[in-house]
Amino acid sequence: MLEFIKSRRSTRRFKDIAVEDEKLNSILEAGRYAPSGGNSQSTHFIIIKNQKVLQELAEIVQCEFAKMEVIPGMYRSIANSINASKKGNYVFHYNAPVLIVTANQKDYGNNIADCSCALENMMLMANYLDLGSCWINQLKWLNENPVVRKYMEGLGMKESERVYGALAVGYADTEDGFPVREPLKRTGNEVTIVE
């Protein structure tokens, strides 16, 4: 199991090939069986396979980030999204054929934790199924943006919910079609043992 976990890597280039429903259902099932605070099971999974919707969502996200300004001390990845959006042709979901959005109740104390557990389960299942995946935060960063929120509500997200993460899923655009699985060396994540 540890070797399997170590082999999971993020994929940011996808082939233009649809993910089979059977595989997508297995990924979703893995997410739905993730732990949740008090067994609340309140994570809402919004599966976007429609390419027109994915394109519209990418355009909206690009437009909204382009309106923002980079400020000193800003989280580097948010600044990168803003700068890329200002240049144009920014596709936050890397043109993956599927985007799985995880939303949860805005006022629920475990919303981020529950969505995170589901996303990790789904990433591991995608790896098991020889699919690439990448955790996507851009919708979370735009959680309170009224334009993005309205669009997501049009896709089924409830008014009381917010996005706490998403997952791009598809076949990796690599020579063999498999995701890169070479583990990255650990240079951080300090460990302190108290005995």
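**Entry 1. Terms and model**

I take a helix to be a DSSP run of H or I with at least four residues, and I number helices from the N terminus. I note at the outset that this is a predicted model.

**Entry 2. Helix α3**

I began with helix α3, which covers residues 51-66 and holds both E56 and K52. These two residues stand four apart, about one turn of the helix. I found that their side chains meet in a salt bridge, at 2.8 Å from N to O. I then looked up how far each partner is covered. K52 has a relative accessible area of 57% and is exposed. E56 is partly exposed, because its relative accessibility of 27% falls between the limits of 20% and 50%.

**Entry 3. From the α3–α4 loop to α4**

I next examined the side chains of E69 and K86, which form a salt bridge of 3.3 Å, N to O. This pair links distant parts of the chain, 17 residues apart: E69 belongs to the loop between α3 and α4, and K86 to helix α4 itself (76-87). I recorded E69 as exposed, at 55% relative accessibility. K86, at 39%, counts as partly exposed.

**Entry 4. D173 and R13**

I asked which parts of the chain the pair D173 and R13 links. Their side chains meet in a salt bridge, with N and O at 3.4 Å. D173 sits in the segment after β4, whereas R13 sits in the loop between α1 and α2, and the two are 160 residues apart. R13 is exposed, with 56% relative accessible area. D173 is partly exposed, at 32%.

**Entry 5. Salt bridges in the whole structure**

I searched the whole structure and obtained ten salt bridges. I also noted a network of salt bridges that links E144, R149 and R162.

**Entry 6. Helix α5**

I turned to helix α5, residues 111-128, and asked how many residues it has and how far it reaches. The helix has 18 residues and reaches 26 Å from its first C-alpha to its last. That span is close to the 26 Å expected at 1.5 Å a residue.

I then listed which residues of α5 are buried: N111, D114, C115, A118, L119, M122, M123, L124, A126 and N127. I looked up what these buried residues pack against, and found two helices, α1 and α2 (21-32), together with the strands β1 (44-48), β2 (98-105), β3 (132-136) and β4 (161-170). Just after α5, I noted that D130 takes a positive phi of about 65°.

**Entry 7. A nonpolar surface patch**

I looked for nonpolar side chains on the surface and found a patch formed by M1, L2 and I5. Together these residues have about 350 Å² of accessible area. L2 is found in helix α1, which runs over residues 2-6. Is L2 buried or exposed? L2 counts as exposed, because its relative accessibility is 55% and the limit for that class is over 50%.

**Entry 8. N95**

I closed with N95, which I located in the loop between α4 and β2. N95 is exposed, with a relative accessible area of 52%. I also compared its position with that of K23: N95 and K23 are 72 residues apart in sequence and 19 Å apart in space, C-alpha to C-alpha.

Notes: Residues numbered from 1 in each chain as written. Predicted model: local features only at pLDDT ≥ 70, side-chain atom pairs only at ≥ 80, totals over all residues. Heavy atoms only, no water. Patch = residues over 30% accessible without salt bridge, like charges linked within 9 Å, V, L, I, M, F, W, Y side chains within 5 Å. Areas by Shrake-Rupley, 256 points an atom, 1.4 Å probe, with all protein chains shown as cover. Salt bridge = Lys/Arg side-chain N within 4 Å of Asp/Glu carboxyl O. Buried < 20%, exposed > 50% of the residue type's maximum accessible area, 1.4 Å probe, protein only. Expected span 1.5 Å × (residues − 1). Contact = heavy atoms within 4.5 Å.
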